[in-house]
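Hi,

Here is the structure I promised to pass on. Have a look at it first, and then read my notes below.

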Amino acid sequence: VAQIDKDTFLFGGTKGLCYFHNHQISELIECPDILNIRINDIQKVDNLFLFGTQGNGLILWDRDHLPVQITKKEGLISNLIENIYISNDQQIYVGTKAGLSVVGLKDSLQYEIKNYTKQHGLPSNEIFDIVEYKDTLFVATGNGVAIIPKQRPKSEKQKVILESLTIEDNVHEDFETTIEIP
């Protein structure tokens, strides 16, 4: 549910987007076709609405322009969105059953996406909820809560030093020459 004004709210259902106004529920007359699908979550940043859909990915819409769709094709981890969280620094966290996508909006048409899964340290790919407290994100998953500091120190590049290399029982210690691996 997202509030449009004092007495009007948008909400999603199994058949798409509806609104509540004057104590009545109605279908949105000027609703883009892309939002005529199950909507699991709605969030709002300023005048921009974010819709987490069950199949059409993440939809950004300001109600004055055509909506912008962000899907797997654009880098989202899944088109089946379970929940959306907007952090204090305006990062969009998109929870799915396939992992977590973080969408950094540069403006309504430009964005950067980073995806996180069990391979990155999440207890499970199934994301139930995301909340923020101070500089820490708490991500509720199907196998526990991931505690993620938002300001992670960047690791320095490490120089790899080979002292020897063994290939098929042959030890190579002279790295001045090229070694071909069969």
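**What I found**

Of the 182 residues in the protein chain, 34% are buried. Keep in mind as you read that this is a predicted model. The chain has 17 strands and zero helices. Its accessible surface comes to about 12,200 Å², and carbon and sulfur atoms account for 46% of that. If you take the contacts between residues at least 6 apart in sequence, 33% of them join residues at least 24 apart.

**The cores**

I'd start with the nonpolar side chains. In soluble globular proteins, such side chains tend to be buried together. Here the largest nonpolar core has 14 residues, and Leu50, Leu58, Leu60, Ile92 and Val103 have the most contacts inside it. At least two residues of this core come from each of strand S6 (48–53), strand S7 (58–61), S8, S9 and S10. S9 gives the largest share, with three residues.

What does isoleucine 92 touch, leaving aside its neighbours within four places in sequence? Its contacts are Leu50, Leu58, Ile84, Tyr85, Ser101, Val102, Val103 and Leu105. There is also a second, separate core of twelve residues, with Leu10, Leu17, Phe51 and Ile59 among them.

**Two hairpins**

S9 and S10 are worth finding on screen. They pair in the antiparallel sense, over five bridges. One of the partnerships to look for is isoleucine 84 with valine 94 in S10. Four residues sit between the strands of this hairpin, and glutamine 90 takes a positive phi near 70° there. Strand S10 (residues 91–96) is mostly covered, with five of its six residues buried.

The other hairpin is made by strand S13 (residues 127–133) and strand S14 (residues 136–141), which run antiparallel and are joined by six bridges. Glutamate 132 has leucine 137 in S14 as its bridge partner. This hairpin has two residues between the strands, and lysine 134 takes a positive phi near 55°.

Threonine 141 is also in S14. Its relative accessibility is 7%, so threonine 141 counts as buried. Not counting residues up to four places away in sequence, threonine 141 touches Pro123, Ser124, Glu126, Ile127 and Phe128.

**Aromatic rings**

How many aromatic pairs are there? The count comes to three. Phenylalanine 49 and phenylalanine 51 form a stacked pair, because their planes are at 25°, with the ring centres 6.3 Å apart. Both rings belong to buried residues: phenylalanine 49 has a relative accessible area of 2%, and phenylalanine 51 has 0%. Tyrosine 85 and tyrosine 93 make a tilted pair, 6.5 Å centre to centre with 45° between the planes. Tyrosine 85 counts as buried at 18% relative accessibility, and tyrosine 93 is buried as well, at 8%. You'll also see that Phe49, Phe51 and Trp61 form one aromatic cluster.

**The loop between S8 and S9**

Last, a loop I'd like you to look at. Leucine 76 is placed between strand S8 (68–70) and strand S9 (81–86), in the loop that joins them. Is leucine 76 buried or exposed? Leucine 76 has a relative accessibility of 3%, so it counts as buried.

Leaving out residues up to four places away in sequence, leucine 76 touches Gly57, Leu58, Ile70, Thr71, Ile81, Ser101, Val103, Ile113 and Asn115. Two of these, Leu58 and Val103, also appear in the list of residues with the most contacts inside the largest core. As for isoleucine 113, it is 37 residues from leucine 76 in sequence, while the C-alpha atoms of the two are 6.8 Å apart in space.

Serine 78 lies in that loop between S8 and S9 too. It counts as buried, because its relative accessibility is 10%. A polar atom of the serine 78 side chain lies 3.0 Å from the backbone nitrogen of leucine 80. Beyond its neighbours within four places in sequence, serine 78 is in contact with Lys72, Thr96 and Ala98.

Happy browsing!

Terms used
Residues numbered from 1 in each chain as written. Predicted model: local features only at pLDDT ≥ 70, side-chain atom pairs only at ≥ 80, totals over all residues. Heavy atoms only, no water. Buried < 20%, exposed > 50% of the residue type's maximum accessible area, 1.4 Å probe, protein only. Contact = heavy atoms within 4.5 Å. Areas by Shrake-Rupley, 256 points an atom, 1.4 Å probe, with all protein chains shown as cover. Pairing = 2+ DSSP bridges. Phe/Tyr/Trp six-rings, centres within 6.5 Å; stacked < 30°, edge-to-face > 60°. Core = buried A, V, L, I, M, F, W, Y, C linked by side-chain atoms within 4.5 Å. Polar contact = N/O pair within 3.5 Å; in protein donor to acceptor, adjacent residues only side chain to side chain.
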